[in-house]
Amino acid sequence: MSTSAPYHHGNLRAALIAAAEALLEKAGLEGVSLREAARAAGVSHNAPYRHFPSREALLAAVAAAGFARLAAGMDAAEPGSRAACRAYLGFAAAHPALYRLMFGPGLSKDAHPELREAAGAAMRPLRAISAGGASREAAVGVWALLHGLAVLFADGQLADDLAARPEELAEVALATYGAGLRAAAAAPGSG
């Protein structure tokens, strides 16, 4: 695209985020740049700077949008249910590069408030899954289980017979974790 392409676009910010996500899934993190996102969105290479001062800011917006979709998917699947767990694992399987961006070390949530808020909102459905517990600690435990399974699946680290049963693995892991939480709560001196 030439540098004389127009700046005007119906919703440039959303178009750039979508273009960057498509680049991320197709070419990996190295394939995402402001220039390539502009080219994919059909605007000049300078147009992204109206919304994103840097590549990192664009990637943070992509990750924030991913967190919002992840949370919405878990909410739509009945928060606190096995379906919400399947939604989490399904999201990670369908969008592996986006998932890695969202949970990887490359973006500072402190430097990007939108990303921090979206990531925090994605914890809400995880609290509902954590055996009815509303504690942040219990939600982190559920997240650790689901995240670990998602990464194991994405990296092909599970034997084929286990890899064919993601929902069952999640169910067993969460049931075991839930039983541990209930046992700890019922233990003498825990209240």
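The following questions and answers concern aromatic pairs and one histidine in a predicted model.

Q: Why is the pair of Phe67 and Phe103 called edge-to-face?
A: The ring centres of Phe67 and Phe103 lie 5.1 Å apart, with 80° between the planes. Rings pair if their centres lie within 6.5 Å, and planes over 60 degrees apart count as edge-to-face, so both conditions are met. The pair links distant parts of the chain, with Phe67 in helix 3 and Phe103 in helix 5, 36 residues apart.

Q: What makes Phe67 count as buried or exposed?
A: Phe67 has 2% relative accessibility. Buried means under 20%, so Phe67 counts as buried.

Q: Why does Phe103 count as partly exposed?
A: The relative accessibility of Phe103 is 23%. Because this value falls between the limits of 20% and 50%, Phe103 is partly exposed.

Q: How do you know that Tyr88 and Tyr99 form an aromatic pair?
A: Their centres are 5.9 Å apart, which satisfies the limit of 6.5 Å. The angle of 90° between the planes is over 60 degrees, so this pair is also edge-to-face. Tyr88 lies in helix 4 and Tyr99 in helix 5, so the pair ties together parts that are 11 residues apart in sequence. Phe67, Tyr88, Tyr99, Phe103 and Trp143 form one aromatic cluster.

Q: Why is His112 called buried?
A: His112 has a relative accessible area of 15%, which is under 20%, and therefore counts as buried. This residue is placed in the loop between helix 5 and helix 6.

Q: What makes the link between the side chains of His112 and Glu56 a polar contact?
A: The distance is 2.7 Å, and a polar contact requires N or O atoms within 3.5 Å, so the distance condition is fulfilled.

Conventions. Residues are numbered from 1 along each chain as its sequence is written. This is a predicted model: local features need pLDDT of at least 70, side-chain atom pairs count only at pLDDT 80 or more; totals for chains, interfaces and linings use all residues. Side-chain values use heavy atoms; hydrogens and water are left out. Rings of Phe, Tyr and Trp (its six-membered ring) pair if their centres lie within 6.5 Å; planes under 30 degrees apart count as stacked, over 60 as edge-to-face and the rest as tilted. Helices (H or I, at least four residues) and strands (E, at least two) are DSSP runs, numbered from the N terminus. Buried means under 20% relative accessible area, exposed over 50%, partly exposed in between (1.4 Å probe, protein chains only). A polar contact is a pair of N or O atoms within 3.5 Å; within protein, one must be able to donate a hydrogen and the other to accept it, and residues adjacent in sequence count only if both atoms are side-chain atoms.
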